[in-house]
Amino acid sequence: MPQHEKPTTVKGNDGSDVDNEEGSAAENEENVKGTDKVGKRATPRTRRGHARGRTRHGDEEDEDDEDGTRRTGYRRHRNRRGRGRAAGNEGSDSDVDPAKARKNQANQKSKDDDEEEEDEKGGKSGKGKGEKKQDKKPDKKGKKEKANKKKKDKKKSGSGSDSDSEEEMITEEELAKLKEEVEEKKKLIATLRNKPWKMKKKLSVLKEAQLFVEKFEGALGKGKGKKFYAYKVMMTKKWMKFQRDFENFKTACIPWEMKIKEIESHFGSSVASYFIFLRWMYGINMILFGLTFGLVMVPEALMGKPYGSLPRKTVPRAEEATAMNFATLWDFSGFAQYSVLFYGYYNNQRTIGWLKFRMPLSYFLVGVGTIGYSFIIVIRTMARNANEEGGGDDTSFNFSWKMFTSWDYLIGNPETADNKFASITTSFKEAIVEEQESRKEENIHLTRFLRVLANFLALCTLAGSGYLIFFVVRRSQKFALEGLENYGWWERNEVNMVMSLLGMFCPTLFDVISSLENYHPRIALRWQLGRIFALFLGNLYTFIIALMDEINLKLEEEKIVKYNMTIWEASLYNGTIPENSTAPPIQVDPADVPRGPCWETMVGQEFVRLTVSDTMTTYITILIGDFLRAVFVRFFNYCWCWDLEYGFPSYSEFDISGNVLGLIFNQGMIWMGSFYAPCLPAINVFRLHTSMYLQCWAVMCCNVPQERVFKASRSNNFYMAMLLFILFLSTLPAVYTIVSIPPSFDCGPFSGKTRMFEVISETLEHDFPSWFGKVFGYASNPGLILPFILLMVLSIYYLNATSKSYKEANLELKKKLQTSRRK
Amino acid sequence: MGNKQTIFTQAQLDAYQDCTFFTRKEILRLFDRYRDLAPQLVPLDYTGKPAVTLPYELIGSMPELKDNPFRQRIAEVFSENGDGNMTLDDFLDMFSVLSEMAPRDLKAYYAFKIYDFNNDDYICKSDLEKTVNKLTRNELTAEEVNLVCDKVIYEADVDNDGKLSLEDFQHMIIRAPDFLSPCRSSPFSDTVSSRGAHLQDWANRSSKKCGAFLMCFLNL
């Protein structure tokens with residue numbers, strides 16, 4: 001079959017053409033030998049000629065027959081080419097082939113690593129590559145065949161000018177392959193850092209991959225999309241560079257990273273986890289602060305009516321004398337009370353300033369938005385943590401984990417290391433004992449009894465502290481009724497002081513109680529956290545209930561004041577203009593106007609005071625309990641009868657649970673109070689900022705590493721869950737007051753309305769087209785909302801059920817795996 | 001930082017950034033740390049790729065590694081020829097793997113190598129015994145050690161050949177709840193700046209338990 005020789009040669013030429021295309025790219029780099037150049041120059045003409053010839057040939061020949069020969073031609077050519085490659089590999093250092101071989105190596109990942117390393121050691125890389133080459137070859141052939149089949153299909157559909165398009169196809173296919181290879185190289189560059197290779201190897205691989213990419217990226221753009229492709233490549237390069245710079249910038253921007261690392265290296269990861277949590281809280285509070293500051297406080301200060309223009313914006317006459325005293329300001333009354341810091345200062349004007357800023361609406365939305373944002377961010381973080389934790393819940397690898405993961409690689413302090421050694425030893429011993437005595441458990445009754453007793457004692461403490469607070473709040477109400485002026489400092493600050501003292505001493509009490517129980521430290525920490533949580537919660541809620549009582553009192557008072565106001569106004573009018581009631585009101589100095597009690601500001605003040613006193617107590621505790629104690633122990637140790645450092649007072653340990661809970665409850669107060677005191681997030685940001693520095697200093701300066709060092713990675717979501725719980729609990733009272741208590745009649749952005757949320761319907765009425773209001777009215781119809789809630793409940797149920805079934809399936813698989821390997 | 005640094009060329013820095021998990025600044029800081037170990041040995045110009053190797057004694061005295069029971073193994077695993085002496089490349093490699101950005105798989109691979117004391121690509125019982133003894137400073141009796149090792153092999157050995165292969169090890173370690181943190185190391189903690197380390201040594205000498213106290217007191 002002499003005719004059939006022709007296509008074969010065509011194919012051969014085609015193949016060389018492709019090779020030359022690679023070469024042409026190399027030529028750009030001026031790396032190519034002269035012979036290649038000659039070949040290249042020669043090819044285009046020949047190619048064209050062959051193509052023409054083939055066109056003719058394709059017109060004449062039977063298609064199937066031609067295809068068959070072509071395939072064999074392919075193979076033959078492929079073999080030749082492959083052999084040539086291998087030879088080139090062994091012989092000279094052509095630029096292309098080692099890179100390709102590298103790529104092949106990269107494809108066979110870690111499984112081949114050992115082999116490769118051996119290769120490197122032996123320096124016989126040529127042999128290894130050759131082997132891989134052969135592995136690769138059939139694969140390539142397979143690809144070709146597939147491509148051919150595709151071509152066959154195509155040919156069947158369209159005949160006449162098919163050979164021309166076929167030629168196009170081949171280059172395109174090669175191009176696509178090249179493109180693929182380039183992409184793969186790029187991927188390799190991106191994931192190079194994840195390869196367990198030595199740096200030298202990584203560097204050389206990187207260099208070759210980069211060279212390869214650079215070389216062929218230009219060649220890829222042959223034909224139509226050349227410019228676009230080049231542009232794309234350039235942009236991706238720029239983008240990568242920008243990303244890298246941005247990444248560098250971002251890591252430089254994480255605040256306190258060095259401080260936390262320093263602490264981490266001294267005290268292990270558990271103490272550092274507290275500081276990371278603190279930093280996270282700081283970030284959230286910054287955003288809350290930005291919201292309230294930017295959308296509520298600043299607009300009111302800039303565009304609202306100035307101080308002294310309205311009764312609600314003026315210090316009343318009776319207080320004027322003391323309004324600027326420090327004691328008054330420290331108490332957040334006087335001038336501080338009548339400023340943008342508190343709810344009462346804001347006017348109920350619908351729009352303010354030339355921007356027509358909707359102040360009341362903004363106030364309401366920011367109040368709701370802070371809570372909504374906090375919910376979303378806490379839940380999102382929890383979900384991410386849960387994802388990262390993965391399925392670490394089974395205990396089938398108890399000993400292995402103890403052996404391989406118990407060392408905290410962050411420890412860089414000999415003392416901590418000592419403690420860690422000790423704790424690992426005890427944990428091993430405990431595990432051994434558990435393993436040996438899992439059947440006996442002779443002391444079970446005693447432990448049970450002790451645990452019940454401990455819980456009983458803890459409950460007693462909780463109840464006692466609750467009652468104490470209730471009692472104190474009641475007493476303070478009595479004092480307030482009789483007038484605070486008759487009483488001293490203690491009576492005035494009794495509530496705050498008692499709460500702070502309880503928060504200080506009860507945790508230590510719980511600590512003593514928990515030593516009865518004899519739990520593992522991690523479980524003990526949980527119990528401790530739970531108890532302190534209950535304590536704080538009880539305190540907070542007693543406080544809130546007392547506040548509610550006070551709000552009710554104020555509401556009664558307000559009624560009386562309202563009644564008196566009408567009388568006062570009437571008397572005012574009676575005195576001057578008796579008949580014309582529509583005339584503009586008489587000018588009275590705003591300081592002289594009688595006013596209602598404004599319970600919202602009162603609530604805000606209470607929360608601000610509580611926050612400030614809480615902060616003070618924390619700082620003083622740190623200074624006295626940690627710093628002075630450390631100084632005393634350190635310097636009196638020289639002249640004391642026993643060893644102070646190892647003996648009784650010793651240095652204090654960093655109390656993680658107490659600090660975390662303090663932080664969480666502080667945040668709860670912020671969430672609760674920020675609606676009535678927009679300044680609260682600002683105060684909290686300040687507090688967190690200072691406490692970051694103070695606590696960092698204190699922990700490095702006066703604390704010693706814990707004796708029971710344990711890692712805190714699992715408790716993270718535990719903290720988060722508590723935070724979520726507190727968030728929920730603190731939104732309850734806030735939402736309750738917003739929804740069901742009428743706002744004061746003469747202060748705050750919602751005065752004059754029967755409920756605060758009416759601001760929404762008001763906006764809908766005035767600022768939106770009427771159809772929107774209608775739609776909203778329909779949408780808020782209970783007939784629509786109830787089915788919607790039902791749907792949500794059902795979907796939650798469904799998702800819960802599916803996740804449960806997945807979990808079960810997982811467990812089943814795990815069991816199967818275990819049984820199968822025990823056989 | 002600016003463009004003042006002349007230790008590496010830009011290309012070198014870029015290559016290091018591609019090969020490790022560090023940013024440019026961190027690489028320079030690590031170089032400083034490396035150089036601080038032996039200022040007289042390490043040149044300030046790395047553009048010519050000088051062949052400098054620091055002995056294990058110096059590497060092992062770094063505060064990050066000093067208290068680590070596996071420091072010798074770590075140095076050996078990451079060093080080029082397994083003797084614990086490290087070039088700058090090895091050094092960067094080590095901290096890249098130990099940094100918190102490194103993925104679990106990579107850490108697991110190197111952790112396996114670290115625990116494989118006799119380099120036979122399996123963690124066998126003698127390796128386990130060594131590990132336990134290092135972790136507990138020989139506080140456990142021989143029987144206890146034996147029991148623990150048996151338990152570990154019973155738990156983690158999937159293919160029942162009496163020793164742990166890399167697959168066994170990965171299977172077990174990837175599920176560990178604490179694994180993300182254990183291999184994290186903090187190369188940039190300040191204890192590590194020469195001043196901090198010096199003070200720490202001094203504090204250690206003066207009194208054992210007040211080390212942390214003194215150190216920060218002076219750092220103020």
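This report walks through a few features of a predicted model: a nonpolar patch, some salt bridges and two helix crossings.

## A nonpolar patch on chain A

Let's start on the surface. A nonpolar patch of about 730 Å² is built from A:Phe326, A:Trp330, A:Met616, A:Ile620, A:Leu623, A:Ile624 and A:Leu628. Helix 12 (326-330) and helix 20 (599-636) of chain A each put in at least two residues, and helix 20 gives the largest share, with five.

One of the patch residues, A:Met616, sits in helix 20 of chain A. Its relative accessible area is 36%, so A:Met616 is partly exposed.

## More along helix 20

Helix 20 of chain A also holds A:Val631, which is partly exposed at a relative accessible area of 24%. The C-alpha atoms of A:Val631 and A:Cys701 are 9.9 Å apart, though their positions lie 70 residues apart along the chain.

There's a salt bridge to spot here too: A:Arg687 pairs with A:Asp614, with the closest N and O atoms 3.3 Å apart. This pair ties together distant parts of the chain, as A:Arg687 is in helix 22 (residues 680-702) of chain A and A:Asp614 is in helix 20 of chain A, 73 residues apart. A:Arg687 is buried, with a relative accessible area of just 7%, while A:Asp614 is partly exposed at 22%.

## Other salt bridges

Side chains of opposite charge can pair when their charged atoms come close. Over all chains, the count is 15 salt bridges. One of them joins A:Glu257 and A:Arg279, at 2.8 Å from N to O. Here again distant parts of the chain are linked: A:Glu257 belongs to helix 10 (residues 257-267) of chain A and A:Arg279 to helix 11 (residues 269-303) of chain A, 22 residues apart. A:Glu257 is partly exposed at 26% relative accessibility; A:Arg279, at 18%, counts as buried because the limit for that is under 20%.

Next, A:Glu320 and A:Arg317 meet in a salt bridge at 3.1 Å, N to O. A:Glu320 is partly exposed at 36% relative accessibility, and A:Arg317 is partly exposed at 40%. Together with A:Asp592, these residues form a network of salt bridges.

## Helix crossings in chain B

Over in chain B, helix 7 (residues 104-115) and helix 10 (residues 166-174) pack at an angle of about 125 degrees, with axes 10 Å apart. That makes helix 7 of chain B oblique to helix 10 of chain B, and their crossing is right-handed.

Helix 2 (residues 24-37) and helix 6 (residues 88-98) of chain B cross at roughly 125 degrees, their axes coming within 11 Å. These helices of chain B are therefore oblique to each other, and helix 2 passes helix 6 in a right-handed crossing.

How values were computed
Residues numbered from 1 in each chain as written. Chains lettered and ligands numbered in written order. Predicted model: local features only at pLDDT ≥ 70, side-chain atom pairs only at ≥ 80, totals over all residues. Heavy atoms only, no water. Patch = residues over 30% accessible without salt bridge, like charges linked within 9 Å, V, L, I, M, F, W, Y side chains within 5 Å. Areas by Shrake-Rupley, 256 points an atom, 1.4 Å probe, with all protein chains shown as cover. Salt bridge = Lys/Arg side-chain N within 4 Å of Asp/Glu carboxyl O. Helix = DSSP H or I, 4+ residues; strand = E, 2+ residues; numbered from the N terminus. Buried < 20%, exposed > 50% of the residue type's maximum accessible area, 1.4 Å probe, protein only. Axes fitted to C-alpha atoms, helices over the stretch in contact; angles between N-to-C directions. Parallel < 35°, antiparallel > 145°, perpendicular 65-115°, else oblique. Left-handed = near helix turned anticlockwise from the far one by under 90°.
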